[in-house]
Structure formats: structure tokens, C-alpha cells
2 protein chains.
Amino acid sequence: MHFTSETSSNGVIERNFTLDEITGVLWSPTSGTVEAPLLLSGHSGGMHKKAPGLVASALHGVATCGFTVAAIDAPGHGDRPRNPQDQRWAEAIRRARAAREPIAPIVIDYNMSLAERAVPEWQATLDALQALPEIGAEAPIGYGGVSLGVVTGLMLAAVESRIAAVSFGGVFVNDALIEAAGKLTLPVEYRIPWDDEEIDRASGVALFEAFASKEKTLHAYSGRHYPVPEYQRDSSARFFARHLGRAADTASD
Amino acid sequence: MHFTSETSSNGVIERNFTLDEITGVLWSPTSGTVEAPLLLSGHSGGMHKKAPGLVASALHGVATCGFTVAAIDAPGHGDRPRNPQDQRWAEAIRRARAAREPIAPIVIDYNMSLAERAVPEWQATLDALQALPEIGAEAPIGYGGVSLGVVTGLMLAAVESRIAAVSFGGVFVNDALIEAAGKLTLPVEYRIPWDDEEIDRASGVALFEAFASKEKTLHAYSGRHYPVPEYQRDSSARFFARHLGRAADTASD
């Protein structure tokens, strides 16, 4: 893992990094990270490691709860070259949208392929992060994501016992996701933008139902996929603070 | 409105009151209530104005957000005599539970009757509360409740424009409630205990769907009707703080 830049503002250090072909970013509090939970953050399809919503959530988590947050570009996203097959998928989605045809079947296939490739990349990233002295092997680990980030997180959490809690947003649901959710028993928070125009709310409720987790919480809120309301970001940070063993600075009891 | 007792502990003043045949309680912060939102709190059927969950939420709201919270006993509940018809309903519920028969049809009729009688009582209570110098006519007003408290709140909010936001928990749903929800446009938070044994989760989602509110948020969480997790109480206090125009002391941004 090579850090290629470091900037600091409002109490948050931002470091870009590369790890083989992976490009990523790590946010941490200037005040230090002793025993701080580490959050992995998965962006949506078509976006990148510094998607505005992802950055807003990351900065909120670092600033209010002292989390360390890492994000990496999905294959062919952000700073990474897109292969011809991915290019075809992206173009097919664009064409379907323009023609007002359903994009779900294409997005689902594309997401599954990207997630399969992203899982070992996240595992390598996690190894490298845990090798950093400021993080270490003891930091409790959570994963948060929306859309493509959910697919990746479901596949990752299924094979990666280091992940202790997940917070997910809206995603196109298929049987494979339902099946993956049914194998997970870790604490999960699931958000459904109730007025999303592309993703059917009932499929979100079905995915929430499928989680085998003893501790799960569903948040549906009026509004669309983006932007996520600030109070939902705050709720998500509190969820991680509850389950990753460090009380949020702002939590009340 | 006559205050019959006053005690104080942990920064909260508790005053019992009577208003004609209504028996109630008012919690307020010892630090004062200038511009503090006023929350009306409706207990579940079979409980009373000092039900443990209601008190926990009230104390949380007073202590963390500086709210004033009022609760009154439903007709025939708490300190109020039960009439013969209510007695028959209560016994019918007890018999159905013991025989493992569905209680929903009885509970729904009983709730509707109680709520009809409770609405004018809440309105009289609200008039009396607003006449208190420490509350006044300008305090923003919210209503929170579970089960019977939801039915009452739906009926009350439909006729009472002074109520600006509502937070509801699980309730047996019928067509009249769905219809009442469809007429409400104020901000609403709705909680569904996902593993409740008596109340079907799908009916909760249907009730949430029905609200005509532009701002609505659904929280489903693993667990039963009671107890409500502490983080849900906290979320509810934040909901009222957001919508009643006073930032929670503990809110972050």
C-alpha cells in the first residue's frame, strides 16, 4: 500500500493510496485512531471512491465518531481503466435509460460481475490496512455501501469474518442477493429511499426480510436514491458506534 | 388543570394533574422550558400514563432535548374507572389470548372506541397546557404513541392542526386507520417491531405507505413490541427535535 498524497482539513486527514492496481482513499481523525473502528465504504455503480454521498458519510463518521474510513474504486471505476466488457455494460445501461427501458437486468449482471472482482480487492486492502500501525489487527471493522456497494458488501461479508456489522442502502435485488443475505447473521442496518423511481421498495423490504441477523434495523425514508438525508448519515454512524464497541462522542444515554 | 403533586429528580420535574375526569402527568426540565417543544404521549391499551416505555421515552426527551412531555390516562385506564362496556372488551381480549385465538378484531373495536373518547380529552388537555405560562401558545407540538396511542394520535392529528409531527409504534391496522393516515400530511416517523408475535409486519408497512406526508420515515427493528430499544427512543427524540424546530442538544452536523 503506497500513500500517494496526504491532505488535512477540519480535523480529518485524507490520504490517497494505491495497492497494486487498486486505487483508494483513507480518511482518519487528526486526533488519532487508537481503537477506532475501521469502516469500509463501497460506492455505487458509475461513481467512485470519492462520490459526494460517500465522502459526506465518511467525513461525518470520522468527525463525530472518530472512525477511520477507507474507500476503493470498483474495477473500471474512478481512477481505474474500464475493460471492454464493462464498457459494453455501461453503454447498455445508458441506452436503456435513454429509451426508458428497464435497466435492472443489466445493472444486476454488471453489479454481480464487479462485486465478484471487488471482493478479493477489498480483502487485500483490508490486509494492508490492518498492517498499518495506526489501524492494526484489533480495530473492529464495519462495511457500508449503496447499490453496487451493497452487492459487493454482501459478497464480502459472506466470506470475510473480519467484518462485524454492515449498513446498506438501496440496491436492485435478485435471488443471489436474497440468498447471500440469508447467510448473514451480523448486525445489519438497511435503508430504503421510499420514493426511488428505479428500485422497487418491495424488493428492498424482501432483502431486509432475508437477513438472518438477530439484530437488524430497516430505515425507509421519503425521498430518492440520492441525496441521503443528513439524519440518516447520522443514524448510520450511530449504528456502527453501537455495534463496533465505541460509543459515539455525540451519543446520549 | 390542577396539579396534585410535584417531584423532581435528575433534572426532570414530574407533576401529576387532573382536568375534570382526566388524570395526567407533565414532565419538564428543571432548567426551564422557554420555546421547548411540547410532546403529547399516548400509552398502549391496558397500560397507563406512566407505562414504563412511555416514561423512558419521556425522560429521554426531557433530559436530552429539553422537551416538555404530557401523558394522560385513556378512558378507563390508569387512575380512571372502567365502564362496563370497556370491562367486557378487556375481558374478551384476556379470554381470546388465553385461548390462543386472534385478539385483533376485539382490540381494533376497543381501540377505536377509546380513541374517539380520548380525542376531545386530548384537545381539552392541550388547551389547558397552552394556558400554562411555562408552555404558552407558541410551543411547537408533537404527538407520540404506540398501539392504542397510535389510533388516538391518528384521530387527534386529523382534527387538530396544532399537532406538527407524529411518531408512532406498532398497532393493529384496519381500514379506518389506513384512511386516517391517507389524510395526514405532517411529518411522521413509524416504527415496526419486526418480530412482533401479534401484529403483522405487512400491515405496518401498509399503514406507513398510506401516510400522505411528504416527510416520512419508517424504522423496522428486530425485536418485539416491548421493550423499544434505547437507540429507537433516541432516534424518535431526534425526529421531534428536527421537525419541531429545536436542535437536539446532542445532535451533530
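Through which surface do the copies, chain B and chain A, meet? They meet through the same surface, because 96% of the interface residues of chain B are also interface residues in chain A. Please keep in mind while reading that this is a predicted model.

## How the two chains are related

A turn of 180° and a shift of 0.0 Å along the axis lay chain B on chain A with an RMSD of 0.0 Å. This is the relation of a two-fold axis. If you would like to find that axis in the view, look for B:H219: among the residues of chain B, its C-alpha comes closest to the rotation axis, at 2.3 Å.

## Where they touch

Chain B brings 24 residues to the contact, and chain A brings 24 residues as well. Between them, about 2000 Å² of area is buried, and carbon and sulfur atoms give 51% of it. There are also four salt bridges between chain B and chain A. One of the salt bridges joins B:E209 to A:R201, whose closest N and O atoms are 2.4 Å apart. Across the interface, twelve residue pairs are in polar contact. On the side of chain B that touches chain A, the elements giving two or more residues are α1 (52-65), α6 (201-210), β9 (216-221) and α7 (230-243) of chain B. The one that gives the most is β9(B), with six residues.

Helix α6 of chain B also has an inward-facing story to tell. Its buried residues are B:S203, B:G204, B:V205, B:L207 and B:F208. The cover over these buried residues includes β9 (216-221) of chain A, together with α5 (175-182), β8 (188-193) and β9 of chain B.

## The nonpolar core

In soluble globular proteins, nonpolar side chains tend to be buried together. Here, the largest nonpolar core holds 105 residues, and A:L40 and B:L40 touch the most other members. Helix α3 (residues 104-130) of chain A gives the most to this core, with twelve residues. Setting aside residues up to four places away in sequence, A:L40 touches A:A70, A:W122, A:L126, A:L129, A:I141, A:G142, A:Y143, A:G144, A:L156 and A:I163.

## Following the chain past A:L40

Let us now visit A:S41 and A:H43. A:S41 lies in strand β4 (residues 38-42) of chain A, while A:H43 sits in the loop between β4 and α1 (52-65) of chain A.

Are these two residues buried or exposed? The table gives their values.

| Residue | Relative accessibility | State |
|---|---|---|
| A:S41 | 13% | buried |
| A:H43 | 4% | buried |

Both count as buried because their values are under 20% relative accessible area.

Which residues surround A:S41, leaving aside its neighbours within four places in sequence? A:S41 is in contact with A:L54, A:V69, A:A70, A:A71, A:I72, A:W122 and A:G144. Along the chain, A:S41 and A:S167 are 126 residues apart, yet their C-alpha atoms are separated by 9.5 Å.

A:H43 has its own set of partners. Not counting residues up to four places away in sequence, A:H43 touches A:H48, A:K49, A:L54, A:I72, A:D73, A:A74, A:H77, A:V146, A:L148 and A:G149. With one of these, A:A74, there is a polar link to look for: a polar atom of the side chain of A:H43 lies 2.9 Å from the backbone nitrogen of A:A74.

Methods:
Residues numbered from 1 in each chain as written. Chains lettered and ligands numbered in written order. Predicted model: local features only at pLDDT ≥ 70, side-chain atom pairs only at ≥ 80, totals over all residues. Heavy atoms only, no water. Core = buried A, V, L, I, M, F, W, Y, C linked by side-chain atoms within 4.5 Å. Buried < 20%, exposed > 50% of the residue type's maximum accessible area, 1.4 Å probe, protein only. Helix = DSSP H or I, 4+ residues; strand = E, 2+ residues; numbered from the N terminus. Contact = heavy atoms within 4.5 Å. Least-squares fit on C-alpha atoms with pLDDT ≥ 70 in both. Buried area = accessible area lost by both parts, 1.4 Å probe. Salt bridge = Lys/Arg side-chain N within 4 Å of Asp/Glu carboxyl O. Polar contact = N/O pair within 3.5 Å; in protein donor to acceptor, adjacent residues only side chain to side chain.
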